[in-house]
Amino acid sequence: MKKRVIASVLTVSMLAAALTGCGGNAQTTGETADAQTQTGENGAEVAQAEGNTTASSGELDLSGTTITFWHSMSGVNGEALTTLVDKFNAENEYGITVDAEFEGEYDDAINKLKSSMVGGSGPDLIQVYEIGTRFMIDSGWVIPMQELMDADGYDSANIVPNIAAYYTIDGQLYSMPFNTSTPILYYNKNMFEAAGITEVPTSLEGIGEIADDLVEKGGAGEALSMGIYGWFFEQFICKQGLTYADNDNGRSAAATAVDFDSNGAALKIVSEWKDLYDKGYAPNVGVGGDAGLTDFSAGKAAITLGSTASLKQILNDVNGSFEVGTAYFPSVAADDEGGVSIGGASLWAIENQDEVKAAATWKFVEYLVSAESQAYWATETGYFPVTNDAYNEEVFKSNIEQYPQFQTAIDQLNDTKGEYAGALLSVFPEARQTVQTEIENTLNGRQTPEEAVQKMADTINASIADYNLLNE
Amino acid sequence: MKTVMKMKQRLGAYLFFVPCLTIFALFLFYPFAKTIYLSLYKTDKLGQAKLFVGLGNYAELFTSESFFHSLLVTFIFVAIVVSVSMLLGLITALLVNKNFPGIRVFSTAYALPMAIASSAAALIFEIMLDPTIGIIDKVLGTDINWLHDERYALVCVALLTAWLNSGINYLYFSAGLANIDEAIYERASVDGANEWQKFTRLTLPGLSPILFYTVVVNIILAFQSFGQVKILTEGGPGESTNLIVYSIYRDAFFNFRFGGAAAQSVVLFTMIMILTLIMFKLEKRGVKY
């Protein structure tokens with residue numbers, strides 16, 4: 001009998017402990033929560049953390065700390081990242097170990113983050129695509145990168161301003177850009193020469209004007225191979241200098257509705273796209289960022305649009321069978337004024353109530369954006385270096401010499417003003433999908449461009465309203 | 001005393017159920033109940049029930065053009081997949097029912113689709129169907145963008161699925177054919193029956209029990225096709241291959257709207273259940289054992 005009583009008392013107390021533990025985790029701030037979660041782990045670490053709370057984070061003893069890093073890089077990019085991580089693990093002077101885990105594509109990784117944060121077992125650092133930015137800020141799970149940078153006295157001016165602009169909200173850099181790309185126009189120089197065209201078009205209109213020449217004289221199967229990709233749609237809005245959503249493109253506050261219907265941006269894009277399609281200049285080559293590349297590499301299309309990060313792939317596929325030229329991403333009409341916004345992904349530090357891990361995470365991020373790492377990364381993958389000093393590294397310079405086409409992307413980014421940083425939207429992945437579906441339906445003649453824009457706006461606005469209602 | 005003994009015996013019997021029931025409860029009943037529960041709510045960004053909307057999600061579904069379109073597409077898809085895959089399975093099974101040299105090669109080949117993962121097959125077909133580098137357009141001398149043309153995309157995905165499913169049908173039918181007594185064919189020959197008569201009067205009735213089973217299994221399999229759609233078309237072009245299972249996936253794991261996705265799941269479940277019930281009714285009339 002006595003044993004039973006003791007047992008049940010123990011059980012109850014354990015349950016209680018578990019409950020308070022959960023409560024502590026759920027709270028994002030507050031010292032009690034902090035203390036409780038730490039007691040739950042191991043004593044030595046707690047003593048260490050407490051002993052150092054007063055000291056600046058630069059002086060924390062980081063040795064023996066292991067941090068978890070979730071990323072979405074596979075293939076060539078994955079190998080390059082693994083090399084960087086291995087090098088850090090082998091050489092860093094702090095004794096930090098980074099446990100890098102591939103979590104599938106961007107969508108999969110962010111979904112896993114959602115599930116794991118419910119269970120309270122997220123990573124310390126995660127790579128999230130650019131359209132997940134608003135979601136990450138709203139989630140309340142992150143330590144703004146600015147805080148970590150400031151704590152360590154890192155000079156934020158070192159990050160390329162146009163890249164930092166995208167991830168800077170309310171004057172704070174929320175996440176560290178890591179792999180950054182912009183879209184550019186790729187063209188088949190041989191076809192342009194054969195057609196006697198010396199000036200590369202700067203707009204969709206311009207492409208329409210030379211399309212017949214490219215096909216008839218240049219020998220192209222089609223003038224433009226443009227995948228139906230939401231990112232391009234967003235870029236065309238930026239190139240018009242207009243906004244995608246209200247509240248300053250979702251930057252001063254979470255967006256409540258899209259703007260592209262009322263400011264006419266979307267209608268202009270869809271109408272021009274449909275026009276090119278109807279004339280046979282830009283057939284439907286499929287949905288997605290890479291959909292247009294095959295036709296180009298196979299020597300069928302004279303022009304394609306794609307990410308800078310595709311440059312290596314395109315050059316590989318073309319394999320010298322024709323000369324590949326690059327130019328700025330086109331606007332819709334010739335007289336549009338605007339710029340491109342960046343794509344790619346950035347690194348987010350997750351708030352795990354552990355100062356030591358946060359400091360270790362920063363050290364790793366600092367290493368990843370160092371001149372040497374970024375130059376290596378850019379050379380291996382085709383993404384931009386995100387820090388200024390990386391552009392002066394020998395490795396990177398010789399890469400530019402080898403692939404002069406890459407210079408276009410750098411110039412394009414430098415020519416863009418920070419105000420065209422692009423939109424932030426909590427439901428961006430879904431919105432992009434909607435845009436793609438409606439554009440495709442329009443091309444297939446199921447609806448007029450006007451109807452398409454109306455449908456896009458209605459669907460996305462409903463999603464935004466739902467999201468804002470449910471996630472306050 | 002005797003009643004107590006009996007009670008104990010009975011209890012023991014029920015105890016044997018426990019492991020099985022636990023597994024069912026954990027992996028079947030609980031998720032099922034949770035799905036119904038979620039279908040009555042709108043969920044937040046973590047996918048947790050937040051706002052009770054009653055039948056709101058269902059009401060939204062049944063007023064949504066896109067959902068009805070998705071249902072229509074699914075039915076067309078299932079019809080193509082079931083008929084073609086069963087026909088393929090039956091033909092291949094009949095072909096190897098006779099003994100001839102090299103039969104093992106053929107019987108392996110016909111069963112092979114079963115061993116191929118749908119995603120792997122989809123990747124291969126994606127290349128084969130490509131208008132620029134694909135072999136199909138080259139062989140046919142056409143310039144059709146199979147997967148990005150509304151007229152062909154659904155048929156392409158359906159035929160791929162049919163081929164994948166034909167392997168298992170081939171196995172079922174082979175087993176069914178082996179069960180038919182050879183002697184009745186001999187007797188039919190003596191009576192002067194031709195091959196076609198033998199097939200319609202002897203083979204098909206002999207296959208009817210297994211035929212019924214394969215129809216049920218095929219319909220359920222076809223309804224659940226996912227990997228092919230995800231890889232080949234992602235529901236496109238437009239929404240022409242947006243099968244209901246794919247639509248559920250998108251809503252749940254991409255848009256994080258578990259409420260709507262759960263409601264669709266319940267509707268799908270109800271449909272398959274009704275279909276299966278109807279078929280069991282029909283079975284009593286048509287199938288001879």
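I'll go through two interfaces in this predicted model, one between chains A and B and one between two domains of chain B.

Start with the chains. Chain A puts 31 residues into the contact, and chain B puts in 26. Between them they bury about 2,400 Å², with carbon and sulfur atoms giving 50% of that area. On the chain A side, A:Glu430, A:Gln433 and A:Leu470 lose the most area to chain B, and together they account for 22% of what that side buries.

Now the polar part. There are three salt bridges between chain A and chain B. If you look at A:Glu430 again, its side chain meets that of B:Arg257 in a salt bridge, at 2.6 Å from N to O. The count of residue pairs in polar contact between these chains is seven.

Which elements of chain A give two or more residues to this side? They are helices H5, H6, H14, H20 and H21. H20(A) supplies the largest share, six residues. Sorted by class, the chain A side has ten nonpolar, eleven polar and ten charged residues.

Next, inside chain B. The domain assignment gives domain 1 as 2-38 and domain 2 as 58-286. Four residues of domain 1 and six of domain 2 make the contact. The domain centres, taken over C-alpha atoms, are 35 Å apart.

These two domains bury about 380 Å² between them, 85% of it on carbon and sulfur atoms. In domain 1, B:Phe32, B:Thr35 and B:Leu38 lose the most area to domain 2, together 85% of what that side buries. The rule finds zero salt bridges across this interface, and the count of residue pairs in polar contact is also zero. The domain 1 side has three nonpolar residues, one polar and no charged.

Terms used. Residues are numbered from 1 along each chain as its sequence is written. Chains are lettered from A and ligands numbered from 1 in the order in which they are written. This is a predicted model: local features need pLDDT of at least 70, side-chain atom pairs count only at pLDDT 80 or more; totals for chains, interfaces and linings use all residues. Side-chain values use heavy atoms; hydrogens and water are left out. Domain bounds come from an automatic or database domain assignment. Contact means heavy atoms within 4.5 Å. Buried area is the accessible area (1.4 Å probe) that two parts lose on being put together, summed over both. A salt bridge is a side-chain nitrogen of Lys or Arg within 4 Å of a carboxyl oxygen of Asp or Glu. A polar contact is a pair of N or O atoms within 3.5 Å; within protein, one must be able to donate a hydrogen and the other to accept it, and residues adjacent in sequence count only if both atoms are side-chain atoms. Ala, Val, Leu, Ile, Met, Phe, Trp, Tyr, Cys and Pro count as nonpolar, Asp, Glu, Lys and Arg as charged, and the others, Gly among them, as polar. Helices (H or I, at least four residues) and strands (E, at least two) are DSSP runs, numbered from the N terminus.
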